[in-house]
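Work through the exercises below with the model open. Try each task before reading its solution.

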Amino acid sequence: MELMFHSSAFLLQTIPQDHRPSLTYALVILNQRLPRFAPLLWKHAQLRVCADGGANRVYDEMPLLLPHEESSLVRSRYKPDVIKGDMDSIRTDVLEFYSNLGTKIVDESHDQDTTDLHKCVKYICDFTSNIDKSALCILIAGALGGRFDHEIGNINVLCRFSAVRMVLISDDCLIHLLPRTHCHEIYIQSSVEGPHCGLVPIGMPSGSTTTTGLKWDLADTEMKFGGLISTSNIVKSDRITVQSDTDLLWTISIKKP
């Protein structure tokens, strides 16, 4: 089975040149409070897309994250490349501001069957069609917290685009999918994440999951809702391995500064 590598090096100020894997990052901003490290994610990304009301968050909150800089200069510098969605949340003044700066506006209010995140991920996949999808990583800020149905919708997007590497990020933790089609190696950035972590089967029960590098490793273990799931685990190594017969969600805490 092919090996898939994962790392949260995007939370580091500088991504090491020998970092594995070497990825092209895109950033999606959703309509939740920006994480404190949003400027860092912005710096690492080659494409920045706001999902509808996510543009309000960039406009309102990015200056608050950079209090020693002039607000107008911050707003001009942190200009999204694209704003996409059904346009029911973005304020008129924000839409006009970014439109005047040259941001591409994609109104998909005709499509009420997919979420704004789904629309943005599809746009990024189409835009980066010349990039090997195994080298693409979509960072999704503001994906956790707020309404639970929104969180579940965001997790569902992970499953619908299971061939695309995506990370749901909040101030407190991150989540990404470990597809059953691969064995997984997760490289822990201990300066910025951990030690609390979890593995949760998604879509169906796991008949067999095996891990290394955790305080409570799994050995050909069954996991299912209504039974055992590996929450409140602890990373004990800088390299975690996971193999499972079903898709899993990996989550790990993000350290406070």
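**Exercise 1. Count the secondary structure elements, then judge the compactness of the fold.**

Solution. Start with the elements: the protein has 6 helices and 15 strands. Both are DSSP runs numbered from the N terminus, helices being H or I with at least four residues and strands E with at least two. Next, take the radius of gyration over C-alpha atoms; the globule rule is 2.2 Å times the number of residues to the power 0.38. The radius of gyration is 18 Å, close to the 18 Å from the rule for 257 residues, so the protein is as compact as a globular protein of that length.

A note on the source: this is a predicted model, where local features need pLDDT of at least 70, side-chain atom pairs count only at pLDDT 80 or more, and totals for chains, interfaces and linings use all residues. Residues are numbered from 1 along each chain as its sequence is written, and side-chain values use heavy atoms, with hydrogens and water left out.

**Exercise 2. Determine how much of the protein is buried and how its contacts spread along the sequence.**

Solution. Buried means under 20% relative accessible area, exposed over 50%, partly exposed in between (1.4 Å probe, protein chains only). By that cut-off, 54% of the 257 residues are buried. Now turn to contacts (heavy atoms within 4.5 Å). Take those between residues at least 6 apart in sequence: 70% of them join residues at least 24 apart.

**Exercise 3. Search for disulfides and explain the result for cysteine 197.**

Solution. A disulfide is a pair of cysteine sulfur atoms within 2.5 Å. The search of the whole structure gives 0. For cysteine 183, the nearest cysteine sulfur belongs to cysteine 197, 18 Å away. For cysteine 197, the closest cysteine sulfur is in cysteine 173; at 12 Å, it is too far for a bond. Check the surroundings too. Cysteine 183 is buried at 14% relative accessible area, and cysteine 197 is buried at 5%.

**Exercise 4. Locate the backbone exceptions.**

Solution. Recall the background: most residues other than glycine have a negative phi, and most peptide bonds are trans. Begin with omega. The bond from glycine 194 to proline 195 is cis, with omega near 5 degrees. Proline 195 sits in strand E10 (residues 193-201).

Then scan phi. Aspartate 220 is not a glycine, yet its phi is positive, about 55 degrees. Its place is the loop between strand E11 (206-212) and strand E12 (221-223). Aspartate 220 is exposed, at 54% relative accessible area.

Serine 232 also has a positive phi of about 55 degrees. Serine 232 belongs to strand E13 (residues 230-234). Its relative accessible area is 58%, which makes serine 232 exposed.
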